[in-house]
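Here is a set of questions and answers about a protein chain and its ligand. Look over the sequence and the model before reading on.

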Amino acid sequence: MRLLREVTQALADAVGADRTGVRLSPNGETQGVRDSDPLPVFIAAAEALSSIGIAHLELREPPLDGTFGVGYLPPLAPLIRPAFKGPVLLNSDFSAARAQADLDAGIGDAVTFGRPFIANPDLPRRIAEGLPLAADDRATWFTQGADGYLDYPPAGASARLRSA
Ligand SMILES: Cc1cc2nc3c(=O)[nH]c(=O)nc-3n(C[C@H](O)[C@H](O)[C@H](O)COP(=O)(O)O)c2cc1C
């Protein structure tokens, strides 16, 4: 907690709290870390970050049936959200429909997308127009060149961009 507070404060002092965001992963094992009782810890963290006045707090929280990490508790975001005064971003395994439902329920202020952006360079347009989403290819997640990063075509364009 002290490390989080002091590092965030130092960053905010250097670049401005309004240009500082923090991502926390309160639910599910992350990089080998699994908290036995995460809620009090992450509420305290959200309060500490709120008092620094950072621009936003992102909660990466895979659901119980997550496809890239799994949560081990029902969603904690609704319980953490009141502890942070600024915008809260939600992440992990969101479809457009689930994102809209959580926004409508006031659980978060925005939803961030990871994997869908890899395969859909025009993701905002596809969501806005209800177009189908392309699936990402896990085999090219961490390539060092264009493969897997720059070769997914926008909707309606030739699929020949993909070399795999
Ligand atoms: C190729 C790849 C690299 C990622 N790198 C990071 C990273 O460096 N830091 C991080 O916090 N999350 C990273 N993530 C996780 C994503 O930010 C996101 O939390 C995750 O994909 C779940 O969101 P999604 O269901 O919308 O994909 C990465 C994900 C992928 C697929």
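A polar contact is a pair of N or O atoms within 3.5 Å. The model discussed here is predicted.

Q: Which residue has an N or O atom in its side chain 2.7 Å from an oxygen atom of the ligand?
A: A polar contact needs two N or O atoms within 3.5 Å. An oxygen atom of the ligand supplies one partner, and the other, 2.7 Å away, belongs to the side chain of Arg-115.

Q: How much of the accessible area of the ligand does the protein cover?
A: On its own, the ligand has 610 Å² of accessible area. The share of this area that the protein covers is 68%.

Q: Which residue places a backbone N or O atom 2.8 Å from an oxygen atom of the ligand?
A: Arg-60 uses a polar side-chain atom, which lies 3.5 Å from an oxygen atom of the ligand. The backbone atom at 2.8 Å is part of Gly-114.

Q: Which helix gives the largest share of the shell around the ligand?
A: The shell divides into six nonpolar, three polar and four charged residues. At least three residues come from each of domain 1 (2–112) and domain 2 (114–164). Among the elements, the largest share is three residues, and they come from helix H5 (residues 115–119).

Q: In what order do the elements of the protein chain run from the N terminus on?
A: The protein chain has six helices and four strands. Writing α for a helix and β for a strand, the order from the N terminus is α-β-α-β-α-β-α-β-α-α.

Notes. Residues are numbered from 1 along each chain as its sequence is written. This is a predicted model: local features need pLDDT of at least 70, side-chain atom pairs count only at pLDDT 80 or more; totals for chains, interfaces and linings use all residues. Side-chain values use heavy atoms; hydrogens and water are left out. A polar contact is a pair of N or O atoms within 3.5 Å; within protein, one must be able to donate a hydrogen and the other to accept it, and residues adjacent in sequence count only if both atoms are side-chain atoms. Accessible areas come from the Shrake-Rupley method with a 1.4 Å probe; for residues, only the protein chains shown count as cover. Helices (H or I, at least four residues) and strands (E, at least two) are DSSP runs, numbered from the N terminus. Ala, Val, Leu, Ile, Met, Phe, Trp, Tyr, Cys and Pro count as nonpolar, Asp, Glu, Lys and Arg as charged, and the others, Gly among them, as polar. Domain bounds come from an automatic or database domain assignment.
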